[in-house]
Each structure stands twice: as C-alpha cells, then as structure tokens.
Amino acid sequence: MGNQRARFGIARATCALGLVATLLTGCGSDGDSGDGVTKLTFAASTFGDPGRGPLLTKWLDEFNQSQTKVQVSAAAVPYPTFGQTVLTQMGSGKGPDLVRFDMPEFEAASDAGLVAPLDKVIDAGKYDLLKQPDQFMVHDGVRHGVIFEASNYAMFYNADLIPTPPTTYEQFTSTAKSLTKGDVFGLAFRQTEAEEAGVWQDIFNYVYGFGGAWSDGKNLTINSPENLKGLQAFKDLYDANVIPRGADAATFRRMFAEGKVGMELNNGGYVTATRGQNAKLNFTVAPIPFPVRKQGAILAPIVINEASEGKDEAGTFIKWALEPQNQVKLQEILGASSVATTTQRSAESLKATPFLPVFDGLTETSLPQIVLGFEAKTPDIRKVVVQNVVAALQGKADLKSALDRAQQQATELVR
Amino acid sequence: MTVVEQTGVPKTTPPGRPRRRPSPLGSKWTPYLFLAPAALFILVFQAVPLVQEVYLSFTRTRLLNPTRSEWVGLDNFNRIFSDPEFHRTLLITVVYVITCVVVAIGAGLGVALLLNKKFRGRGVARALVTVPWAAPGIAVALIATWMLNAQYGIVNRFLDAVGLGVPGGAILDSSRYALPAVLATTIWQLFPFTSVVLLSALQSVPQDLNEAATVDGAGRWATFRAVTWQVIKPTVGLLALLMTIWSLRRFELIWLMTKGGPVGATETLVIDLYSQAFDSKELGSAAAIGMVGVVISLIVIIGSRLVARAVEKGDVR
C-alpha cells in the first residue's frame with residue numbers, strides 16, 4: 001500500500017516537473033541568446049524568391065559575420081499574404097524587427113504608427129540617396145523607411161519572337177495580335193481578382209501611360225477620361241484574346257520563360273527570376289510603348305517595427321546595408337533593380353545584362369503604386385478599383401460605369 | 001465485512017481483504033472529470049473568442065490599431081444589411097450550402113446503395129471511395145485548381161475535346177462557371193464521407209423486412225421508401241445538419257480556388273468575413289458578419305432539433 005502511494009507520489013511529481021519544464025520551454029524567448037547578442041528577424045517576401053532568396057540570405061550572413069552583438073535572420077513570408085500577415089502581427093504589437101514592405105502596406109503601417117521613425121537612426125544627408133524614390137519614404141518631415149529596392153516597370157519581350165520592339169501603342173497591340181497563335185500568346189498580364197495586388201500593379205502602367213492618375217493629390221480621379229482611356233486599352237487587349245486568360249502570374253511567367261508569351265510589362269526584379277527559370281531565354285527589355293512616359297515602380301522600403309525591442313540594433317543593420325560596398329552587392333543580387341543610393345553598374349553586369357541602363361533611365365518617370373494624397377488608403381482603394389475593373393472585364397458592367405462606381409465607392413471609403 | 005448500499009441490499013466482501021476506498025472513477029463526478037479537458041478547450045478556444053466576437057461586432061475596430069476600439073452599437077449590422085453586396089453574399093452562401101448538402105447526400109446515398117450490393121472488388125471500391133475525404137482540403141483545392149488551370153488543366157482539355165470548352169478555358173476566372181466549379185470540388189470532397197456513413201446505416205436495415213416487402217409485391221422504389229428510408233432517415237437528418245454547418249464554415253477550399261471572386265461570384269459569408277478583417281482591416285464589420293453566421297447556424301441547429309422531434313412524434317413523415 002505504502003509502495004503504491006509512493007509510486008503515485010513519484011508519478012505526480014514527475015508529471016508536475018514535466019509540465020513546468022514544458023511551460024518554461026514554451027514561454028522562453030528565442031530573441032535573446034543569453035550571450036549578449038541581440039537576435040533580430042527581417043521579413044521580406046523576396047527571401048522566398050528561388051533566384052534572389054538564397055543570395056539575399058548570403059548577404060545577411062555577411063552582415064552577421066561582421067557583427068558581434070547583432071544577428072539578423074531572414075523570415076520569408078509569401079508575397080500574396082505578406083502584407084496581411086505582417087500587418088496583423090504588427091497591429092497586435094508583435095512581428096518582425098525589420099520589414100521589407102511594398103508601398104501600399106508601408107503607407108498603411110506608417111499611417112497607423114506601426115513603423116519607427118528613422119531620423120535618429122540614420123543621417124540621411126550622409127548618403128547619396130536616389131531622390132525620386134526616396135521622397136516617398138518621408139511623411140510630414142519624418143523618415144519612416146529607406147529604399148531597399150526600387151524597380152521600374154519596362155516591357156520585357158522575347159527577342160526570338162519579336163526582333164524589333166514596338167515603340168507605339170498601336171505597334172504594341174498589332175504585335176500582340178500577330179504573335180497569338182496556338183499555344184503562343186502575344187502578351188500576358190494579371191487579370192484575376194485573386195491577384196488583386198498584381199492586377200493593380202499591371203493596370204497602373206496603363207493608367208499612367210495614357211496620361212491618367214488615381215488622384216490629383218486632394219481628390220480621387222478614378223473615373224477621369226484619361227483613366228478610362230488607359231483602362232480601355234487594357235480591356236481591349238483582354239477582349240482581343242491575345243493574353244492567356246485565367247493564367248496567374250506564376251503560370252504566364254513560366255510561359256514567358258518557355259517562349260510561349262511574347263511580351264509582358266514587369267519590373268527589374270523579374271530579370272533574375274526569368275533567368276532562373278530558363279537561363280537560355282533570349283529576352284530583352286524596352287520602355288513601355290504607351291503615349292506618356294510614366295510607369296509604375298516597385299518601391300520596397302525597409303522599415304523598423306515600432307514594437308521591436310531592438311530598434312538600435314535594427315538601425316545598425318540599416319546603416320550596414322547603406323554602406324557603398326553593401327549597396328553594390330545588394331544591387332548585384334537584385335539584378336535590374338536599383339537600391340537606396342546611386343551606384344555604378346559594373347562592366348561585368350552590363351556585359352551580362354546590357355539592358356540595365358533601360359531600367360535605370362526610367363527612374364525619374366517612375367511612380368510608386370500608391371494613390372498620391374491617399375497613401376494609407378491605397379489597399380482599400382486598390383480593392384475597389386480592381387473589383388470594378390475585373391467586373392468590366394467579365395462583362396458585368398461597361399468600363400465607364402465600373403469606373404464611376406469605383407469612384408463613388410472609393411470616395412466613400414476616404415471620406 | 002458488510003457494506004449496505006442505499007437500496008438496503010447487503011453486499012459482502014471476501015473476508016481478510018482490507019476495505020478499499022471508493023474509487024474516484026465510480027463517483028458521480030467521473031463523467032465531468034472526463035469531459036473537463038474538452039470543456040476547458042471549448043471554453044478557452046471557442047467560448048471566449050465568441051464572446052470577444054460579440055463585443056467586437058458592436059465596435060469600430062481596425063486591425064492595425066485594435067486597442068483603439070470605439071463602441072458603435074448596431075452600426076456594423078446596419079451597414080452590412082444595407083449593403084446589396086452583402087445580400088448577394090448571403091444568397092451565394094445559401095446556394096452553396098443547399099447545393100452541397102443536397103448533392104453530397106444524394107450522391108453519397110447513390111454510391112452507398114451501389115457499395116451495399118455484392119459484387120467482385122467491393123472491398124477495394126469501398127476503400128477507394130474514401131480517398132477524397134482522406135485528402136486535406138488544401139490538397140483538394142490545389143488539385144482542383146491545377147485540373148481547372150486555363151492553360152494546362154486536364155478539365156479544359158477534356159471539355160475542349162467534347163466541344164464544351166469555356167472560351168479561353170478560364171473556368172475559375174469566369175463569374176458564370178466559378179461557383180459551379182467550386183461546388184463540384186466541394187461535393188467531390190464531401191460525398192465519400194456521406195457515402196461511408198450511409199453505407200453503415202444501410203447495413204443496419206433488416207434484410208428480412210426487405211424480403212417481406214418484396215414477397216408482398218412491393219417494387220424497388222416502394223421497398224426503399226417503406227423500409228430502407230425509414231431506417232436511414234435519422235442518419236440522413238444528422239448528415240444534413242453536419243453538412244450544413246460544415247458548408248457554412250468552409251473557407252480554405254473556396255479561398256484557395258477563387259478568393260471569393262471573380263466579382264464576388266463565390267463570396268460566401270466566411271470569405272466576406274476574412275476580406276473585411278484582413279483586406280479592409282475592419283475587425284468590427286468582420287465580427288458582425290461572423291455573428292450573422294453564428295445566428296444562421298443556431299437557427300439550423302434548433303430547426304433540425306424541432307424537425308427531429310416532430311419526426312419522432314410521427315407528426316412528419
């Protein structure tokens with residue numbers, strides 16, 4: 001009897017110890033290694049890119065090797081859910097210490113006070129920052145981010161299919177039509193609601209390329225005649241069946257790499273990815289041949305999470321990233337994208353990618369894909385606009401009514 | 001040693017054995033002890049969030065600043081019910097749920113009746129039919145998306161071959177065909193479960209009753225109605241309730257296939273809820289939509305209980 005009691009006692013004590021140990025393990029933070037090293041996480045969707053992800057991780061390793069007190073680890077969050085995942089974490093006072101945002105999410109986070117001011121972290125005057133993209137990093141005189149990547153939109157074309165690139169919109173459409181035969185399509189762009197952010201990036205080029213804009217800075221101008229003209233061009237190409245309808249970006253990019261798509265409008269970051277899919281593809285780029293030389297740019301700022309407990313250490317990383325030699329290395333990794341500061345392309349880079357100056361030459365006419373004057377509301381406006389444009393593509397409404405409706409709905413949102 | 005129970009019947013214990021303490025497993029608290037972990041789980045992970053959701057639905061709360069919540073009373077409910085888009089979402093939800101329940105149970109019953117017959121390879125057929133149910137919803141959605149892919153999908157190739165191809169092959173991109181495609185995928189995943197459950201119900205149908213009905217000259221349909229249906233009716237009722245609740249809650253399959261599009265053609269309540277919470281970042285509106293779902297579920301559960309009672313009493317045949 002006594003033995004039995006003793007056995008029960010031992011079992012109870014073991015269970016209790018196990019429980020305590022489990023709880024302690026679960027509650028323990030992995031942020032501190034205990035040896036005075038601050039461990040930070042850096043979240044970026046590009047860490048998941050098959051082409052650039054591993055190279056960016058190596059770049060981070062170089063930082064880690066240069067430091068004794070700070071270590072940064074990569075957190076890859078897939079692009080389609082990046083914004084909502086990271087913003088949800090940050091909204092609840094958590095999340096990664098460093099974040100590479102796209103502009104709409106950057107503006108939303110910044111407006112909500114989730115991003116730490118950087119004025120005391122870096123001395124911007126010390127660096128030769130690219131003026132055009134950098135101006136969007138500052139809100140009401142407060143710097144909230146530094147450009148991690150600036151990538152202008154240009155026209156990618158398959159040089160085996162198109163020996164001479166189109167230089168006017170008319171040539172662009174006729175080339176797309178003449179190339180479309182069998183399982184080869186002249187053009188590809190995103191047109192499904194499931195890729196809302198991507199559709200927004202694609203239609204941005206059509207709106208700005210035909211002289212339109214989403215706002216005049218104070219009022220929304222979604223249904224302006226210029227926007228209608230640009231989006232009508234987009235719809236005409238959709239209706240002309242020169243694109244693989246229903247194909248998502250992953251599918252049509254693979255088709256482009258296989259030589260089954262003639263042209264697409266994309267940003268400099270896409271160069272490395274295309275080569276990763278087919279190193280032998282004979283492709284090149286030219287400016288988008290729309291009437292107005294204005295196009296979108298992927299501006300991706302790096303920011304420090306306001307909730308981070310290692311803001312100073314995160315600042316150490318940003319300062320390291322801005323050092324000239326590290327900027328050059330970053331630019332080599334990002335391919336045809338620009339970085340925060342003015343850097344020179346190396347002779348090897350220019351030899352391997354002769355069209356790099358085409359991208360660089362577009363910086364002054366490129367705009368971030370946000371609604372100017374309503375930056376923080378861009379994700380909401382984007383949703384309304386994309387839904388209505390897709391409705392027009394689907395034949396649920398004529399384009400003008402769809403834009404009028406988008407104007408009304410978006411105006412109610414920003415009121 | 002003698003123990004007298006409450007009934008007054010004396011109970012003897014073998015001599016020489018020490019008296020044992022009554023086992024805790026025999027006490028009246030035992031059932032509660034076993035239920036406690038599940039009850040605690042439900043309390044922590046379901047009841048508490050539900051109460052939070054009720055509170056949230058009366059507030060204006062932004063995802064990016066959840067601590068700056070503002071009490072707005074019934075504003076969220078007024079807003080969603082005055083929105084024609086929400087009415088359409090409700091309608092799509094009803095269509096989705098009813099179609100899933102009716103077709104999944106109908107197809108499941110048909111398959112169960114077939115599998116209940118004796119034929120060669122019946123065991124293999126019974127095992128194979130459960131495969132879609134065994135596959136996770138995410139895998140099913142990805143398989144279906146690939147099969148329906150406009151460029152490479154086998155479904156488009158087949159439809160083109162028989163002259164029924166959708167222009168451009170974009171089934172999931174078409175506001176006309178997206179909902180049927182999502183429904184077909186859902187039912188493909190659901191019907192094995194209904195067929196397995198109904199097969200087990202069919203096996204409890206007394207064979208002699210069927211034979212007696214046949215001897216009395218009843219045809220197949222009359223035998224099914226008078227004998228088989230009467231036995232499996234409670235199972236069908238339970239399945240209908242389960243399917244309804246599951247279909248109301250189904251998210252991952254629709255989200256992965258269409259994200260509720262195109263143009264809201266497949267937007268059910270849970271998709272709308274997710275969009276409000278994570279795209280529009282309006283937690284208050286999302287909670288209000290969630291409450292509508294909770295109320296619908298409660299109505300379905302209470303309604304099914306009332307129908308079941310009426311059936312038991314014989315008021316409803």
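Start by selecting Leu40(B): this residue lies in helix H1 of chain B, which covers residues 30–56. (Helices are DSSP runs of H or I with at least four residues, strands are runs of E with at least two, and both are numbered from the N terminus.) Is Leu40(B) buried or exposed? Leu40(B) is exposed, because its relative accessible area is 53%. (Buried means under 20% relative accessible area, exposed means over 50%, and partly exposed is in between, using a 1.4 Å probe and protein chains only.)

Before you go on, keep in mind that this is a predicted model, in which local features need pLDDT of at least 70, side-chain atom pairs count only at pLDDT 80 or more, and totals for chains, interfaces and linings use all residues. Residues are numbered from 1 along each chain as its sequence is written, chains are lettered from A and ligands numbered from 1 in the order in which they are written, and side-chain values use heavy atoms, with hydrogens and water left out.

**Stop 1: a nonpolar patch on chain B**

Now add Phe41(B), Ile42(B), Leu43(B), Val44(B), Phe45(B) and Val48(B) to your selection; with Leu40(B), they make a nonpolar surface patch of about 680 Å². (Patches are made of residues with over 30% relative accessible area and no salt bridge; nonpolar side chains, meaning Val, Leu, Ile, Met, Phe, Trp and Tyr, are joined within 5 Å, and like charges within 9 Å. The areas come from the Shrake-Rupley method with a 1.4 Å probe, and for residues only the protein chains shown count as cover.)

**Stop 2: annotated spans of chain B**

The unreviewed UniProt entry places the feature "transmembrane region" at residues 29–48, 90–115, 127–148, 179–202, 222–246 and 286–308 of chain B. (UniProt positions are given in the numbering used here, feature names are shortened, and annotations may be inferred rather than shown by experiment.) Select residues 179–202 of chain B: the span is 100% helix and 0% strand, and its end C-alpha atoms lie 32 Å apart. Then try residues 286–308 of chain B, where the end C-alpha atoms lie 33 Å apart and the span is again 100% helix and 0% strand.

**Stop 3: aromatic rings in chain A**

Over all chains, the structure holds 43 aromatic pairs. (Rings of Phe, Tyr and Trp, the last by its six-membered ring, pair if their centres lie within 6.5 Å; planes under 30 degrees apart count as stacked, over 60 as edge-to-face and the rest as tilted.) Show Phe63(A) and Phe317(A): their ring centres are 4.9 Å apart and their planes stand at 90 degrees, so this pair is edge-to-face. Which parts of the chain does the pair link? Phe63(A) is in helix H2 (residues 53–66) of chain A and Phe317(A) is in helix H11 (residues 311–322) of chain A, distant parts of the chain that are 254 residues apart. Both Phe63(A) and Phe317(A) are buried.

Next, select Tyr206(A) and Phe234(A), whose ring centres are 5.2 Å apart with planes at 75 degrees, so this pair is edge-to-face. Tyr206(A) lies in helix H7 (residues 196–209) of chain A and Phe234(A) in helix H8 (residues 225–239) of chain A, so the pair ties together parts 28 residues apart in sequence. Tyr206(A) and Phe234(A) are both buried.

For a wider view, show Phe42(A), Phe47(A), Trp59(A), Phe63(A), Phe148(A), Phe317(A) and Trp320(A), which form one aromatic cluster.

**Stop 4: salt bridges in chain A**

How many salt bridges are there over all chains? The count comes to 20. (A salt bridge is a side-chain nitrogen of Lys or Arg within 4 Å of a carboxyl oxygen of Asp or Glu.)

- Select Arg52(A) and Asp49(A): they form a salt bridge, with the closest N and O atoms 3.3 Å apart. Arg52(A) is buried at 6% relative accessible area, whereas Asp49(A) is partly exposed at 25%.
- Add Arg100(A), Asp102(A) and Glu149(A), which are linked with Asp49(A) and Arg52(A) in a network of salt bridges.
- Move to Arg143(A) and Asp134(A), a salt bridge whose closest N and O atoms are 2.8 Å apart. Arg143(A) is buried at 6%, and Asp134(A) counts as buried at 10%.

**Last stop: two alanines in chain A**

Ala197(A) lies in helix H7 of chain A and is partly exposed, with a relative accessible area of 22%. Display Pro104(A) too: the two C-alpha atoms are separated by 9.4 Å, while the residues are 93 apart along the chain. Finish at Ala250(A), in helix H9 (residues 249–257) of chain A, which is exposed at 53%.
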